[in-house]
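Trainee: I should like to learn how to read burial, cores and enclosed spaces in a model. Could we work through one case together?

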Amino acid sequence: MRLTGVSRGSAWTGLSVSTTLPNPSTRPGLRLPGRVTLRADAEDVLVRHIRLGLVTQVEPEDPASPRRLVQYHQWPIAGRFVVPAGRRRAVDFAVPLPWETPVTMFGGVPLLSLRTGLRTEVSVDPDLDQGAMVPVLIHPLPTQQHLLAALDTLGFVMRQAGFQQGRLPGVAQTLPFQQRLGFWAAPLYAGPMTELEVIMVTDSAGMEVLFWLDRRLSLAGITHQSISRFRVWHAGADQRDWVATVDGWLRQAIDRHAAAAAHADWSATIRESAHVSRHPDQPVAPGYGLGGTAGGAGVGGGGSGGDGT
């Protein structure tokens, strides 16, 4: 599948920009190849630089605030050059994706409302043309794939997915946000918890998994939450019994959760988690939307950057 984003012609720069990805499907840690093509109108155009950036919608730490577009990684791909009048200039690239690039696809379909786009920034003094965003489809690494498949096998049902701004204490995190996947508890584990939130932070060696357990007793007006961390290596991922591994992690997390709950103040005010505070997510309609910036209908909540430039 070949995808291209084309900017509207700029009356100020006299330049149109298109970005093409021969294959928009990729994984964290791989290189994303493509081409930026620039066309000048009636006059020569001096380009100062071209940069690419990964963009997605992020939930702020304040749950009452709307989602906003965030550019979370950037690469320079060209310096100063001239595009002659009436001519085209192509710049090829193959940029490496960060290992923490959030996953937006699972089983060949989008993860609910999650989207990532590649934005092209062309600097033409004194203007800055950000062109159009091209969707990038981020598939999971094998470790991530096995974890999500094991949760599905154990009976967990995904209800929400999002990117939340902020850093996790004690976690080696390079991006300014983390990906959170919320699940209804599987029947086998539904007694000790009502919801499970999963956070995956990957690097070149392996993946750190955080299980956020939430036991919510709404009639009594009480709740208890706890977080457990686990580490797994990419090497040998295909030989691991992932259902047994994830079941073991869950049982450790539940034991820790129960021990912490035994000493909790059950009269405390409920502290909503990032995902319990809103309704379950719904899959977006066909197309690839980032607030109207990547050729599709916008994902609810964000109002930034919706003009496609």
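Mentor: Let us begin with a term: a residue counts as buried when its relative accessible area is under 20%. The model before us is predicted. In its protein chain, buried residues make up 52% of the 309 residues.

Trainee: What does the accessible surface of the protein chain come to?

Mentor: The accessible surface is about 14200 Å², and carbon and sulfur atoms hold 53% of that area.

Trainee: How many helices and strands are there in the protein chain?

Mentor: The chain has 2 helices and 20 strands. Contacts add a further view of the fold. Of those between residues at least 6 apart in sequence, 65% join residues at least 24 apart.

Trainee: How should one read a nonpolar core, and which residues of the largest one touch the most other members?

Mentor: The general idea is that nonpolar side chains tend to be buried together in soluble globular proteins. Here the largest nonpolar core holds 66 residues, and those touching the most other members are Leu15, Leu38, Val47, Leu147, Phe156, Phe211 and Val246. Helix H2 (residues 242-262) supplies the largest share of this core, with 6 residues. A second core, separate from it, has 5 residues, among them Leu168, Val171, Ile199 and Leu210.

Trainee: With which residues is Val47 in contact, leaving aside its neighbours within four places in sequence?

Mentor: Val47 contacts Leu15 and Leu38, then Gly79, Arg80, Phe81 and Val83, and also Val122, Ser123 and Val124. Leu15 and Leu38 are themselves listed with Val47 among the core residues that touch the most other members.

Trainee: Let us turn to enclosed space. How many cavities of 30 Å³ or more are there?

Mentor: A cavity is a space where a 1.4 Å probe fits but cannot get out. By this rule there are 6 cavities of 30 Å³ or more. The largest cavity contains about 110 Å³ of space. Its lining includes Glu100, Gln144, Phe177 and Met200. Strand S17 (177-184) and strand S18 (195-202) are the elements that each give two or more residues to this lining. By class, the lining has 5 nonpolar, 5 polar and 1 charged residues.

Trainee: What volume does the second largest pocket have, and which residues are closest to its centre?

Mentor: A pocket, in contrast to a cavity, is open. The second largest pocket has a volume of about 220 Å³. Of its 12 lining residues, Phe106, Leu111, Asp152, Met158 and Phe183 are the closest to its centre. Strand S11 (109-110), helix H1 (142-153) and strand S16 (157-165) each give two or more residues to the lining. That lining comprises 11 nonpolar residues, no polar ones and 1 charged residue.

Technical notes
Residues are numbered from 1 along each chain as its sequence is written. This is a predicted model: local features need pLDDT of at least 70, side-chain atom pairs count only at pLDDT 80 or more; totals for chains, interfaces and linings use all residues. Side-chain values use heavy atoms; hydrogens and water are left out. On a 1 Å grid over the protein atoms alone, a cavity is a set of points where a 1.4 Å probe fits but cannot get out, and a pocket is an open set with protein on both sides within 12 Å along at least five of seven lines; lining residues have an atom within 4 Å of a point. Grid points are joined across faces, edges and corners, and a volume is the space filled by probe spheres set on the points. Helices (H or I, at least four residues) and strands (E, at least two) are DSSP runs, numbered from the N terminus. Ala, Val, Leu, Ile, Met, Phe, Trp, Tyr, Cys and Pro count as nonpolar, Asp, Glu, Lys and Arg as charged, and the others, Gly among them, as polar. Buried means under 20% relative accessible area, exposed over 50%, partly exposed in between (1.4 Å probe, protein chains only). Contact means heavy atoms within 4.5 Å. Accessible areas come from the Shrake-Rupley method with a 1.4 Å probe; for residues, only the protein chains shown count as cover. A nonpolar core is a set of buried Ala, Val, Leu, Ile, Met, Phe, Trp, Tyr and Cys residues joined through side-chain atoms within 4.5 Å.
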